[in-house]
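Here are a few short exercises to help you find your way around a new structure. Have a go at each one before you read its solution.

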Amino acid sequence: MLETQQLTKKFKDTIAVDDVSLVLRQGESVGLLGPNGAGKSTAIAMISTLMKPSSGDVKLNGKSVLKKPGEMRRVLGVVPQKIALYEELSAYENLKFFGRLYGLSGNELEQRIDYVLELVGLADRKKELVKNYSGGMQRRVNLAAAMMHEPEVLIMDEPTVGIDPQSRNHLLETIRKLNQDEGMTVLYTSHYMEEVEKLCDRVYIMDHGKVIAEGTKEELKAILSDQETVLIDFDQNYPELFTKLSEIEGVQQATAEEHSLKLIIPKGTRLLAALFHEAERYGAQVVNVNVQTPTLEDVFLRLTGRKLRD
Amino acid sequence: MGAFLIKDIMLLLRDRSELLILLAMPFLLIAILGFSLRGIFSGDLEALEMDIALVSQGDEAQAVASLQNEIEEMGLPPGETQALKQAAESASPQTMLVSLLEDESLSELVTIERMSRAEAQESLDEETVDAVITLPQGFTEDSLRNMLFGESKSGELELLVADLSSPQTDVLKSILNEFVRTVNFEASISRLSGQQSATEVFGGIETITARQPITSFQYYTIGMAVMFVLFVGSTIAGQANLEQKQMVFDRIRLSNRPPLLYLSSKAIAAAAIVSVQLTLLFGLSALLFQAFAADSWAFWSGIAIISIVLALSVGCLAALMVAITLRLESDAVPAIFSGGVISLMAFVGGSFMPLDGMPEMLRAIGNWTPNGAALSAYFSWLLEPELGQLTGPLLRIAVVAVIFLLLALAIFPRKGGAA
């Protein structure tokens, strides 16, 4: 349905987006995962027809949209990272204005406003000024505004940045419903691994402007299929013990966090005997041992050597 | 278009600080300036009344007689001798000055009292007089020699005032300047024809004061109105900048509306706001300060025509500022405009004070600013409600508006993004 081909954006000496090719099929929910500064927002701006690429193409149903962006804009609903609303107007007034820009009027406009407000759970507070809403509520209206013209594709650029857990859950649940119940195609950009993992069928991982991995969640995790993650919780912090354990033969990566230690080891490594032996030597009490399947965070760590939020 | 207009006007109505700048502040300034300077503009001369001490250090009669004897001994033909002697008597500058200050046209304004130098100085120190005019020894003779024979040395007046910056001082200076111009003119005439009547020349002063005066409330209602409409331009450009920063502008672009619709809506919103602003300022000024006759339809029709042209012109100015703001992606343009350019335009446009004494170039520039040309149109209409009087200033406003609009269209980033 929507694809980018070798999309590149250069700003003077910096290459913000480098040869990025993405595909969104109808009804899919696709994640664009990467740390801050990876080039996600620039890529989104080019896909949304708001920024001209230095090279490459953006196609909707096989047709380039760079010269004639009208059709692309008609089917797209874009939720920018910023709150793109008039703070001095109420949610209702904002939605009415944006609805009228899309040619809605009369009953049709009122019904659409009611629908999107219901969708984001703000129907009972629609008359309040946007500036008086919490950050989470503002983000929900931001989504509602992008939904006014019944778009087929929803592009969201970090829509949950800086909001409370309750609003975040509400927003994620709304997006999941739009995708699964209404068949809306979603491109979801985030540096929160757990959001992408929860919402998306396929994921593109970006770093330094490039796509460094792509596939379904399972395919990406299969990168780490020959490894497993062991999370060990102790009764307190034992720096010397943690150092000793990270030196056990076969440990590929060790990350200490307060009372716990995370070890990535090849599958089949016999770790437990050595672990309990060393713990007894240092007088440490092992509270919990958890062998985990790899997460996308682990995949990113493996691919880049950095955490997503570094 | 309707959606844009409603939105822009709603945003303005909810922005109290902008409303204060656009409506409350000009009204407050009209009240303050109108009341404090009403004596200067209204023809009520109480605020400008002054007591003047006149010190004559020479003997005028003796100087005239001495000059007449000299003319007698020059051996000129009898007719010419007679004419010069008569001119010496009738064109004596001291007599002319006293006649001027005691003239009926100035009697409400000036009270003159002859004193010795010491008395005059003491009175000035005690502030029982506002000014001292001294005619030094030899003034009459030097002036008459300069007038009749073209000798280079001319008489010089001395003026001492209690307060250099007072309106009375300004008025007195202008009276004396007029006197000096008259004496110079008289000198030329005397040299050419040998005689001239002084009173005919003094008629010039009467001409200046013969006009129906503009009151301070009228002056400052118009002055402040044409100044504060300019702030609408920066308000609208400021809004556009905020829309761009908050990515609302991107949302508008994504709606597939023609980019020029956005620009024209900004211009029309500005023109609409200016129309409301002018209606309120003129209306309140007429109702509360009786600045204008409230029941004259003909008068208000002229005011409406000027206001509409001015509003459209400010709309074009706002469009230009929006275009530059969006092109530069910066709020510098509205900030610089409201922070300094408006004051400059108001000054050269004559919003603060009449530009009569200003250099010709400054007045010419002022006449080509929308506010200056509008001010000129309003005053012309106020003094003489003839439509023909408005053609010049309104044409200037229209020309400037078209230039603003063309520049706005050239600068506006209508191709932003992939489109």
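**Exercise 1: a span in chain B**

Take residues 332–353 of chain B and work out how far apart the ends are and how much of the span is helix.

Solution. This is a predicted model, so keep that in mind throughout. Start with the end C-alpha atoms of residues 332–353 of chain B: they're 29 Å apart. Next, look at the secondary structure: the span is 82% helix and 0% strand. Finally, check the record: the unreviewed UniProt entry annotates 332–353 of chain B as "transmembrane region", along with other stretches including 394–412.

**Exercise 2: another annotated span**

Now do the same for residues 394–412 of chain B.

Solution. The end C-alpha atoms here lie 26 Å apart. As for secondary structure, residues 394–412 of chain B come out at 95% helix and 0% strand.

**Exercise 3: two helices that pack**

Describe how helix α16 (residues 332–349) of chain B packs with helix α17 (residues 360–367) of chain B.

Solution. First, the geometry: the angle is about 115 degrees, and the axes are 8 Å apart. Angles of 65 to 115 degrees count as roughly perpendicular, so α16(B) is roughly perpendicular to α17(B). Second, the hand: α16(B) and α17(B) make a left-handed crossing. Third, the residues: from α16(B), Phe347(B), Val348(B) and Gly349(B) meet Leu362(B), Ile365(B) and Gly366(B) of α17(B). Sort the residues of that contact and you get four nonpolar, two polar and no charged.

**Exercise 4: over to chain A**

Find the domains of chain A and the distance between their C-alpha centres.

Solution. Chain A splits into domain 1 (2–221) and domain 2 (226–293). The C-alpha centres of domain 1 and domain 2 of chain A are 41 Å apart.

Notes:
Residues numbered from 1 in each chain as written. Chains lettered and ligands numbered in written order. Predicted model: local features only at pLDDT ≥ 70, side-chain atom pairs only at ≥ 80, totals over all residues. Heavy atoms only, no water. Axes fitted to C-alpha atoms, helices over the stretch in contact; angles between N-to-C directions. Helix = DSSP H or I, 4+ residues; strand = E, 2+ residues; numbered from the N terminus. Parallel < 35°, antiparallel > 145°, perpendicular 65-115°, else oblique. Left-handed = near helix turned anticlockwise from the far one by under 90°. Contact = heavy atoms within 4.5 Å. Nonpolar A, V, L, I, M, F, W, Y, C, P; charged D, E, K, R; others polar. Domains from an automatic or database assignment. UniProt positions renumbered as here; feature names shortened; annotations may be inferred.
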